[in-house]
Amino acid sequence: MSGPRSYATIWRWHFYAGLFVLPFILILSLTGAIYLFKPQIERWEERAWLGLGTQGAVSPEAQLAAVLAASPGALFENYRLPRQAGDAAMIQIATTDGGKRQVFVSPQGAVLGSLEPGARLADIVSRIHGTLLLGRWGDWLVELAASWTIVMILTGLYLWWPRPFSAAGTLYPRLSLKGRPLFKDIHRVTGFWIAGLVLVMLASGLPWAGAWGGAFTWARTELGLTKGQQDWKVGAGGGHAGHHDAAPSAMPPASEQPGLSLSSFVARAEAEQMAFPVVVLPPHAPQRFGPPTGDVWTVKSEAQNRWLGRQVTYDPATGLETGRRGFADQHIIDRIVNTGVAWHEGQLFGWINQLIGVLTAIALITVSILGVTMWLKRRPRGTSGAPKAIAGATQRWMVITLIVLALLLPLFGASLLLVLAIDRLVRRFSPPPSPVS
């Protein structure tokens with residue numbers, strides 16, 4: 001019969017995939033769960049600069065002058081509007097040593113303090129989540145782990161399918177069981193209920209990944225499926241907190257530029273009533289995503305819920321609107337990806353999205369730990385405990401599925417031959433299992 005032999009083969013793939021991705025699941029689930037609360041974390045970091053009152057408030061132009069006076073030689077990059085009246089404004093500058101600072105200035109024009117963008121907690125967590133702090137190699141490792149996690153989930157769903165059907169142990173765990181049988185029920189049932197959520201989470205993160213995202217961007221460009229700049233960065237340094245590696249603006253401070261002042265464009269930004277955070281960028285300023293702004297002033301919302309993102313550009317001399325772009329103006333592919341990004345970051349529909357993300361991360365960690373626990377309980381001494389390979393068990397549909405996955409997930413495809421070689425060596429040199437005491 002091919003059924004039992006196929007089951008054993010799928011179980012073997014599930015075993016190897018789960019063993020490889022376990023440490024990555026623990027790290028990525030933990031950092032991902034923390035990053036879901038980026039807005040709350042950043043508000044906590046800025047708590048000393050909130051609710052300062054509006055009495056004696058000065059203009060944005062005067063706030064900028066105070067920041068530049070406190071940092072001689074710095075270049076103005078953008079002005080972030082306060083979330084609420086009485087909160088400090090944030091002015092980002094490029095310093096003379098090549099770094100960036102986010103300077104917080106009170107409504108009254110007093111410089112209160114500053115933060116380094118890359119040293120903020122959410123940015124550090126993002127870099128761990130995206131690259132394990134290992135640069136390009138870390139980016140590839142994360143993408144490889146995500147690819148094998150997809151394989152683990154798909155094989156797990158095959159193993160979960162009841163033969164024959166029984167709701168107990170399939171849709172809910174049998175809590176009357178004890179020990180390994182109970183662990184197995186919880187592992188199977190929990191894995192089933194979170195499989196779809198985890199697959200969506202993994203798929204929505206692939207456009208940031210170096211190999212997959214690079215191939216995706218190339219294919220879109222070659223097929224002409226682009227419209228405007230891409231709102232996410234690919235590869236190491238990209239991801240949640242990625243910034244475009246543009247040189248600092250060579251423009252003089254806004255107070256010395258011809259045309260209307262910063263205050264004029266801040267007023268226009270306030271009138272737009274965009275979703276927080278709202279930034280005002282002078283001509284030729286670097287942006288989080290894409291090239292510098294060009295010969296225009298730019299007002300944009302950088303809300304993590306990409307559906308709320310909007311951008312308006314203005315002529316520096318006259319203040320007349322020169323362009324407007326929102327979520328609906330993006331290419332359909334960008335809208336799909338950006339919806340996935342908003343979901344991935346827990347901001348698509350508020351705290352419910354955050355809650356679902358946290359529960360999914362906890363459940364995934366639980367399933368993974370239970371899987372390892374069951375492996376350790378059943379593993380005979382002196383062996384890996386991997387399910388035995390059965391000659392002739394590989395079916396044509398399995399080969400086709402592997403080929404499709406290898407094409408869709410390039411790093412998985414590249415690692416597949418290595419895994420097969422290691423598996424052959426393990427089977428060749430593993431001693432026969434000792435009896436279990």
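Q: Axes are lines fitted to C-alpha atoms, for helices over the stretch in contact, and angles run from 0 to 180 degrees between N-to-C directions. This is a predicted model; at what angle do the axes of helix H3 and helix H8 cross?
A: Helix H3 covers residues 60-70 and helix H8 covers residues 262-272. Their axes come within 7 Å of each other. The crossing angle is roughly 125°.

Q: Which word describes how H3 and H8 lie to each other?
A: Angles over 145 degrees count as roughly antiparallel and 65 to 115 as roughly perpendicular. The roughly 125° between H3 and H8 falls in neither range, so the pair is called oblique.

Q: How many residues in the contact of H3 with H8 are nonpolar?
A: On the H3 side you've got Pro60, Glu61 and Leu64, and they meet Leu262, Ser263 and Val266 in H8. Sort that contact by class and there's one charged residue and one polar one. The nonpolar count is four.

Q: Are H5 and helix H7 roughly parallel or roughly perpendicular to each other?
A: The axes of H5 and helix H7 (residues 210-223) come within 8 Å and cross at roughly 85°. Anything from 65 to 115 degrees counts as roughly perpendicular. H5 and H7 are therefore roughly perpendicular.

Q: How many charged residues sit in the contact of H5 with H7?
A: Asp139, Trp140 and Glu143 are the H5 residues here, and they meet Gly210, Ala211 and Trp212 of H7. By class, the contact has three nonpolar residues and one polar. The charged ones number two.

Q: Which helix gives the largest share of the largest nonpolar core?
A: That core has 24 residues, and Trp148, Ile194, Val198, Leu202, Leu409 and Phe412 touch the most other members. Helices H1 (2-35), H5 (135-160), H6 (179-205), H10 (351-378) and H12 (410-429) each chip in at least two residues. The largest share is seven residues, and it comes from H5.

Q: Which residues does Trp148 touch, not counting residues up to four places away in sequence?
A: Trp148 is one of the core members with the most contacts to other members. Its partners include Trp13, Ala17, Phe20 and Val21. The rest of the list is Phe412, Ser415, Leu416 and Val419.

Q: Is Thr155 buried or exposed?
A: Thr155 is found in helix H5. Leaving out residues up to four places away in sequence, Thr155 touches Ile10, Trp13 and His14. Its relative accessible area is 10%, and the cut-off is under 20%, so Thr155 is buried.

Q: How far apart in space are Gly109 and Glu61, C-alpha to C-alpha?
A: Gly109 is found in the loop between strand S3 (100-105) and strand S4 (111-115), and it is buried at a relative accessible area of 18%. Beyond four places in sequence, Gly109 touches Val58, Gln63 and Ala66. Gly109 and Glu61 are 48 residues apart in sequence, while in space the separation is 9.5 Å.

Q: Is Leu133 buried or exposed?
A: Leu133 is found in the loop between helix H4 (121-131) and H5. It has a positive phi of about 65° although it isn't a glycine, and beyond four places in sequence it is in contact with Arg127 and Ile128. A relative accessible area of 53% is over the 50% cut-off, so Leu133 is exposed.

Q: What is the phi of Leu132?
A: Leu132 lies in the loop between H4 and H5. It is buried, with a relative accessible area of 17%. It is not a glycine, yet its phi is positive, at about 60°.

Q: Which two residues does a cis peptide bond join?
A: Omega for this bond is about 0°. One partner, Pro277, lies in the loop between H8 and S5. The bond joins Phe276 and Pro277.

Q: Over which residues does pLDDT stay under 50?
A: The chain averages a pLDDT of 88, and 88% of the residues score at least 70. Where pLDDT is low, the predicted coordinates should not be read in detail. So go easy on the 25 contacts beyond four places in sequence that the model has for the stretch where pLDDT stays under 50, residues 243-251.

Note on methods. Residues are numbered from 1 along each chain as its sequence is written. This is a predicted model: local features need pLDDT of at least 70, side-chain atom pairs count only at pLDDT 80 or more; totals for chains, interfaces and linings use all residues. Side-chain values use heavy atoms; hydrogens and water are left out. A nonpolar core is a set of buried Ala, Val, Leu, Ile, Met, Phe, Trp, Tyr and Cys residues joined through side-chain atoms within 4.5 Å. Buried means under 20% relative accessible area, exposed over 50%, partly exposed in between (1.4 Å probe, protein chains only). Helices (H or I, at least four residues) and strands (E, at least two) are DSSP runs, numbered from the N terminus. Contact means heavy atoms within 4.5 Å. Angles under 35 degrees count as roughly parallel, over 145 as roughly antiparallel, 65 to 115 as roughly perpendicular and the rest as oblique. Ala, Val, Leu, Ile, Met, Phe, Trp, Tyr, Cys and Pro count as nonpolar, Asp, Glu, Lys and Arg as charged, and the others, Gly among them, as polar. pLDDT is the predictor's confidence in each residue, from 0 to 100.
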